[in-house]
Structure formats: structure tokens, C-alpha cells
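Visitor: I should like to learn how to read a protein model, feature by feature. Where may we begin?

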Amino acid sequence: MRLVEIPAPDFDLDKTLDSGQVFHWEKVGDGFVGAIGDLAVYVEQRGDVLKVCCGATPQPARRRRALPGIVGRYFALDHPLAEICDSFPRDPAMNAARDSCRGLRIVRQPKWECLATFICSSMKQVAHIRQISVALRKRFGEQRRIGNQLMYSFPAAERVAQASRKELLECKLGYRAKNLRATARRVSSGQADLEAWSALSDAELRKQLCALPGVGPKIANCVMLFAYERLRAFPIDVWIERVLRQRYFPRRKKMTARRLREFSETYFGENGGYAQQYLFHHARIGGRGRSGD
């Protein structure tokens, strides 16, 4: 494979892909194989450089020239990470997370793929979410080849909307199958225009997302953070709730979920989403697994 080099200072590929944001990248040799949209990509890191290549495309020369921009945008290499980390609160829990997660970046994910994946994540841990993502891709996605590796793009909303309940249940979705198909139908019909929602305020975007089947405040915040780049969004799952209660309110026995949300939205500031991801990954590396709720 012919590899293209991309400068990637202040970036850690392994931490980023292992931090519960995306679930389909597979370790292959010295790097990872995955999809960015419908493009099959291999990426490995050597110090401050990413070495990447893509699978077969109709216009290989053009895609090869565009690849650095595609990969750089996906991994948010333009985010001023040092400034973002400097904006975090200075407290023992946040300091420890900042030190252990250096180089972790918030991935810019395709909107439908991110929304659908987190609908499937409800009450699941990372390993289970990965299994569901792979099953959906193999069953309904488009096959792609990169080198000797086969992988699959995430299926379009139209394809999921046409799937039968039986087909979705065979992907180990359980009760999530109904919600995923219902949301896919809204997206494919244009009733839910995910791209147009980019222009909405944070409050209105959260409202629209929470109106979709299978989407509550936590999943809405994940989608806002990972697909819409709303870096203030602060998803609270069981890991983060535990961190907040144990590290920030150890003496408060009756701290409500609403109070935790209000605290996180103000205390962690404009880059709260990054702070949350660092706190989450730091907590999880001692226990392993992202639950969806």
C-alpha cells in the first residue's frame, strides 16, 4: 500500500480510537482499518506523523490528493488541543485525566452514522456496541477493500429504513431495533434534516434530537459533540456520573441528575465535551467499557 504522510502533532491515534467515540476501527498490523464515510482508510502513527492510504475509488489520484484533508478533518487535527486542555478546570480529577489522555481528540463523525450508532448504544458497553456496529455494516453496508482487508461502510438511513424488524434483530439490537428503524425513516424522508440542523442553536439542536425515537439527553449530547462539533456538550453516562459524584460531590448523597447536568454545563465551560471525554477515558481505562446510558 502506498502511504501518504500527514503531520499530526499533539495527537494520539490509539487513545482517540479507544475512547468510546467510534466503534468500527479494527487493529491491523501497526495501524487501524476503518471507514470515513464510504471511504476505506488505513492509518498508522509514527511519532507526530500519520501514515495513511485509502481503498480503491473511481478516481484514485484525486482521492489520494484529498486524503490528508479528509483524514485531518475526521481526526480534528485542526483543533487547538493545547489551548483546549489549558481551558480545563484545575482540580485533581481533571488534572489526572488531562495528563493521562494527552493527544486524545474529538472525532468529527458523519451525522447519520453517529446518531444511529449511539441509538444502538443504549445500555450497552463498548464491546457490545462494536459488535452491533459491525453487524449493521456487514448486513446493510457497502463492502470495501483496502489491501487484503475487507470492511464495510455504515448503511445509509434509507437502507436501514427499509430493513425488516427481523433483519435488525439479527444484528443483536433488541428493543433498539424499533427506535433505529423509526429514526431512519424520519431521516430518509427528510422529516429530520440532520444537515440543516447544523444551523440550529445548541438548545434547539438538543430539542430536535431528543424528539427522535430512541434519543434522550445523553445520546443527544453525544451526537451534538461527536457529529455537530458542539464542544460544550457534556454527555453524562454511568461512568461520568460516577466520576462527578465521587470526585466533585463526595459528601452530597442526594445530588440529582439535573443538578449534575447544571454543574457540568457551567463548571467545565466551552470545551466541556473534551473535558468529559478525558474524564471518561481516564476512568474507563481502569475498568473498560462505555455504557450507552
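Guide: Let us begin with a pair of facing residues. In this predicted model, I146 has Q149 of strand 7 as its bridge partner.

Visitor: Which strands does this pairing belong to, and how many bridges join strand 6 to strand 7?

Guide: Strand 6 covers residues 143–146 and strand 7 covers residues 149–152; the two run antiparallel and are joined by four bridges. Two residues lie between them, and the unit is a hairpin. In its turn, G147 has a positive phi of about 65 degrees.

Visitor: Which residues have a positive phi although they are not glycine?

Guide: A76 is one of them, with a positive phi of about 55 degrees. E229 is another non-glycine residue with a positive phi, here about 60 degrees.

Visitor: Where do these two residues lie, and is each buried, partly exposed or exposed?

Guide: A76 is placed in the loop between helix 2 (60–74) and helix 3 (81–86). Its relative accessible area is 0%, and A76 therefore counts as buried, the cut-off being under 20%. E229 belongs to the loop between helix 11 and helix 12. With a relative accessible area of 32%, E229 is partly exposed.

Visitor: Which residue has both A76 and E229 among its contacts?

Guide: That residue is R108. Neighbours within four places in sequence left aside, R108 is in contact with R73, Y74, A76, D78, H79, F226 and E229. R108 itself lies in the loop between helix 4 (92–100) and helix 5 (111–119).

Visitor: Arginine carries a charged side chain. Is R108 buried or exposed?

Guide: R108 counts as buried, because its relative accessibility is 12%. As for distance, the C-alpha atoms of R108 and R64 are separated by 20 Å, and the two residues are 44 positions apart along the chain.

Visitor: F226 appeared among the contacts of R108. How should the helix that contains F226 be read, and how many of its residues are buried?

Guide: One counts the buried residues and then asks what covers them. Helix 11 spans residues 217–226, and nine of its ten residues are buried, so the helix is largely enclosed by the rest of the structure. The buried residues are K218, I219, A220, N221, C222, V223, M224, L225 and F226. Their cover includes helix 5, helix 10 (202–210) and helix 14 (272–284).

Visitor: K218 is in that list. Which loop residue is in contact with K218?

Guide: I236, in the loop between helix 11 and helix 12 (238–248), is such a residue. Beyond its neighbours within four places in sequence, I236 is in contact with K218, E241, L244, L260, R261 and S264. I236 is buried, because its relative accessible area is 18% and the cut-off is under 20%. The C-alpha atoms of I236 and A163 are separated by 31 Å, with these positions 73 residues apart in chain numbering.

Visitor: Where is G20, and is G20 buried or exposed?

Guide: G20 is found in the loop between helix 1 (13–17) and strand 2 (26–28). At a relative accessibility of 3%, G20 counts as buried. The C-alpha atoms of G20 and A184, 164 residues apart along the chain, are 23 Å apart.

Visitor: How does one read the two faces of a strand, and which residues of strand 1 are covered?

Guide: One asks which side chains are covered on either face. Strand 1 (residues 4–7) has V4 and I6 on its covered face, while E5 and P7 form the uncovered one. Strand 1 runs antiparallel to strand 5 (residues 49–54), and four bridges join the two. Within this pairing, E5 stands opposite K51 of strand 5.

Visitor: How many helices and strands does the whole protein have, and how compact is the fold?

Guide: There are 14 helices and seven strands. The radius of gyration is 19 Å, close to the 19 Å that the globule rule gives for 293 residues, so the protein is as compact as a globular protein of that length. Its C-alpha trace spans about 60 × 45 × 35 Å along the principal axes. Of the 293 residues, 52% count as buried. Among contacts with a separation of 6 or more, 70% join residues 24 or more positions apart.

Visitor: What can be said of the surface and the charges?

Guide: The protein exposes about 13,500 Å², of which carbon and sulfur atoms supply 48%. There are 50 positive and 31 negative side chains, and the centres of the two sets lie 6 Å apart.

Technical notes: Residues are numbered from 1 along each chain as its sequence is written. This is a predicted model: local features need pLDDT of at least 70, side-chain atom pairs count only at pLDDT 80 or more; totals for chains, interfaces and linings use all residues. Side-chain values use heavy atoms; hydrogens and water are left out. Two strands pair if DSSP finds at least two bridges between them. The radius of gyration is taken over C-alpha atoms; the globule rule is 2.2 Å times the number of residues to the power 0.38. Buried means under 20% relative accessible area, exposed over 50%, partly exposed in between (1.4 Å probe, protein chains only). Contact means heavy atoms within 4.5 Å. Accessible areas come from the Shrake-Rupley method with a 1.4 Å probe; for residues, only the protein chains shown count as cover. The place of a charge is taken as NZ of Lys, CZ of Arg, CG of Asp or CD of Glu.
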